[in-house]
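Reader: Could you take a close look at one part for me, the charged side-chain pairs, and then tell me about the helix that follows them? I'd like it as one connected walk-through, please.

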Amino acid sequence: MISSCESLFFPKPKGYNRIEIPEVKYMALPDSLPYSFEYSSMAKLLQDSSWISERFWTDLSYEQFDATIQITYKPIGGDKAFLEELLNDSYKLTSKHNVKAYAIDESIIVLKNGDMATLMELSGEVPSQFQFHTTDSVNHFLRGALYFKSSTKNDSLAPVINYIKQDMIHLLNTLEWDK
């Protein structure tokens, strides 16, 4: 009888990292800014790297997910031309992702404070999967963009992207401008 030492090899299917999504809890932004909102207790509020020239820009860092929401703010001061420039810049920054994005879904929502916000959800292997901008059309303009420092594929990050996206929508719905 002939026996063989040969064993059958079966490759393992690709797996994904297990990502634990924490319970959502929110806290208020410090009152040193011309706007306020609630943000996730999982995020750490940091000064933006351009804090010297742009005093009211902040970062919300989700260190456990290697993600950051960059918040940029500009006072408008009633200047309609400046507001139009800021809106155009926001759209230009989003459209720069067209190289890798296979879709950019844009929607407009009415916030609890009565203002409108434009949400942009980017699909594909893009560095920023979700962005928004909002304004009161007279005095304030706020823009936010989610960025990951990780090279992990977006389909693996989907639970985290959805978690932070909901945080960003909560941020918008609790947004109040200083008078």
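**Salt bridges and a helix**

Author: Lys165 is buried, with a relative accessible area of just 16%; the cut-off for that label is under 20%. Bear in mind that this is a predicted model. The partner of Lys165 is Glu121: the two form a salt bridge, and their closest N and O atoms are 2.9 Å apart. That pair links distant parts of the chain, as Lys165 sits in helix α2 (residues 154–173) and Glu121 in strand β8 (residues 116–124), 44 residues apart. Glu121 itself is partly exposed, at 29% relative accessible area.

There are three salt bridges in the structure, so let's go on to the others. Glu54 and Lys74 have side chains that meet in one, with 2.8 Å from N to O. Since Glu54 is in the loop between β4 and β5 while Lys74 belongs to strand β6, this pair ties together parts that are 20 residues apart in sequence. Glu54 is buried, with a relative accessible area of 19%, whereas Lys74 comes out as partly exposed at 22%. With the cut-off at 20%, those labels differ even though you might be tempted to read them alike.

Then there's Glu63 with Lys44, whose side chains meet in a salt bridge at 3.9 Å, N to O. The limit for counting one is within 4 Å. Here, too, distant parts of the chain are linked: Glu63 is in the loop between β5 (58–62) and β6 (67–75), and Lys44 is in strand β4 (residues 44–47), 19 residues apart. Glu63 counts as exposed, at 54% relative accessibility, and Lys44 is partly exposed with 44%.

Now for the helix, α1, which covers residues 80–95. Its 16 residues should span 22 Å at 1.5 Å a residue, and the end C-alpha atoms are 23 Å apart, which agrees. At its N-terminal end, Asp79 acts as a cap: a side-chain oxygen of Asp79 lies 3.1 Å from the backbone nitrogen of Ala81.

Which residues of α1 are buried? They are Leu83, Leu86, Ser90 and Thr94. These cover an arc of only 70 degrees around the axis, so they end up on the same side of α1. What they pack against is a set of strands: β6, β7 (101–110), β8, β9 (130–135) and β10 (140–148). Turn to the other side of α1 and you find Ala81, Glu84 and Lys92 exposed.

Methods. Residues are numbered from 1 along each chain as its sequence is written. This is a predicted model: local features need pLDDT of at least 70, side-chain atom pairs count only at pLDDT 80 or more; totals for chains, interfaces and linings use all residues. Side-chain values use heavy atoms; hydrogens and water are left out. Helices (H or I, at least four residues) and strands (E, at least two) are DSSP runs, numbered from the N terminus. Buried means under 20% relative accessible area, exposed over 50%, partly exposed in between (1.4 Å probe, protein chains only). The expected span of a helix is 1.5 Å times one less than its number of residues. The arc is that of the directions from the helix axis to the C-beta atoms. Contact means heavy atoms within 4.5 Å. A polar contact is a pair of N or O atoms within 3.5 Å; within protein, one must be able to donate a hydrogen and the other to accept it, and residues adjacent in sequence count only if both atoms are side-chain atoms.
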